[in-house]
Amino acid sequence: MAEFFDALTDRHIAFIAKQPVFFTATAARDGRINLSPKGYADSFRVLSPTRVAWLDLGGSGNETHAHLAADGRITLMFCAFDRSALILRIYGRGRAVLPQDAGWDDLARHFTLLPGTRQIFDVAIDSVQTSCGWGVPRMALEQERDTLQKYHRQADPGEWVEKYRGRTRSIDGLPTRPTDRYIEGAA
């Protein structure tokens with residue numbers, strides 16, 4: 001049975017800390033709904049019981065950024081793949097914070113920046129929901145992929161900035177703000 005909460009509890013925070021993957025879902029008024037898996041277990045932070053954030057690396061698209069700029073609504077989902085079944089959803093309003101933005105330094109200090117860091121998504125929590133998760137299969141994490149970080153570590157910083165500077169539209173044509181600098185991050 002589903003339960004709703006106004007904020008994250010200590011139990012929720014402990015559960016989130018153990019999950020190697022989470023999912024983000026966003027949508028603008030028109031166009032596609034975006035649903036993305038996110039890895040890198042150390043890229044997600046609970047900043048308070050009513051605020052979370054995650055580090056985003058440059059990739060093939062920037063739909064989450066476009067949707068949050070257009071609408072702000074976001075759902076994050078964590079699900080247990082181990083013995084204890086549970087699904088946890090965070091409903092909130094988010095925004096992209098880029099390296100050139102005011103507030104970047106304050107937010108970035110919570111993370112170990114990774115090669116190719118494009119932005120940090122900052123989410124104000126409206127509500128939290130848990131449900132049984134009994135239909136989710138049991139699986140074990142073999143290892144994280146390092147392909148994306150390796151790709152960014154090998155990039156020429158100037159070419160990287162030019163590439164991402166040119167990505168200013170979502171697949172539905174919504175505007176995004178490009179990152180203006182290459183972040184080497186921890187190797």
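Helices here are DSSP runs of H or I, at least four residues long, numbered from the N terminus. By that count, H12 lies in helix 1, residues 10-18. The model is a predicted one.

## The chain as a whole

The chain has 5 helices and 8 strands. Along the sequence they follow the pattern β-α-β-β-β-β-α-β-β-α-β-α-α. The C-alpha atoms fill a box of roughly 50 × 35 × 30 Å along the principal axes. The radius of gyration is 17 Å. A compact globule of 187 residues would have a value near 16 Å, so the chain agrees with that expectation.

Of the 187 residues, 43% count as buried. The accessible surface comes to about 10200 Å². Carbon and sulfur atoms hold 51% of that surface. Contacts often span long stretches of sequence: among those between residues at least 6 apart, 72% join residues at least 24 apart.

The chain carries 24 positive and 23 negative charges. The mean positions of the two sets are 3 Å apart.

## Three residues compared

The table sets out where three residues sit and how accessible each one is.

| Residue | Place | Relative accessibility | Class |
|---|---|---|---|
| H12 | helix 1 (residues 10-18) | 1% | buried |
| S127 | strand 8 | 19% | buried |
| C132 | loop between strand 8 and helix 4 (147-153) | 31% | partly exposed |

The cut-off explains the classes: buried means under 20% relative accessible area, and exposed means over 50%. S127, at 19%, therefore counts as buried. C132, at 31%, counts as partly exposed.

## H12 in helix 1

What does H12 touch beyond the residues up to four places away in sequence? The list is F5, A7, L88, V128 and T130. There is also a polar link to the backbone. The side chain of H12 reaches the backbone nitrogen of T9 at 3.0 Å.

## Helix 2 and its cover

Why is helix 2 described as largely enclosed by the rest of the structure? It spans residues 63-70, and 6 of its 8 residues are buried, so the description fits. The buried ones are E63, T64, H65, A66, H67 and L68.

Several strands help to cover these buried residues. They include strand 2 (22-27), strand 3 (33-38) and strand 5 (51-57). Also included are strand 6 (73-79), strand 7 (87-97) and strand 8 (117-131). After helix 2 comes G72. Its phi is positive, near 90°.

## S127 and C132

S127 belongs to strand 8, one of the strands that cover the buried residues of helix 2. Leaving aside neighbours within four places in sequence, S127 is in contact with F4, F5, D6, R89, I90 and Y91. F5 is also touched by H12. How many ångströms separate the C-alpha atoms of S127 and R138, 11 residues apart along the chain? The separation is 27 Å.

C132 sits in the loop between strand 8 and helix 4. With residues up to four places away set aside, C132 touches A85, L86 and I87. C132 and A2 are 130 residues apart in sequence. In space, their C-alpha atoms are 7.2 Å apart.

Note on methods
Residues are numbered from 1 along each chain as its sequence is written. This is a predicted model: local features need pLDDT of at least 70, side-chain atom pairs count only at pLDDT 80 or more; totals for chains, interfaces and linings use all residues. Side-chain values use heavy atoms; hydrogens and water are left out. Helices (H or I, at least four residues) and strands (E, at least two) are DSSP runs, numbered from the N terminus. The radius of gyration is taken over C-alpha atoms; the globule rule is 2.2 Å times the number of residues to the power 0.38. Buried means under 20% relative accessible area, exposed over 50%, partly exposed in between (1.4 Å probe, protein chains only). Contact means heavy atoms within 4.5 Å. Accessible areas come from the Shrake-Rupley method with a 1.4 Å probe; for residues, only the protein chains shown count as cover. Lys and Arg count as positive and Asp and Glu as negative; His and the chain ends are not counted. The place of a charge is taken as NZ of Lys, CZ of Arg, CG of Asp or CD of Glu. A polar contact is a pair of N or O atoms within 3.5 Å; within protein, one must be able to donate a hydrogen and the other to accept it, and residues adjacent in sequence count only if both atoms are side-chain atoms.
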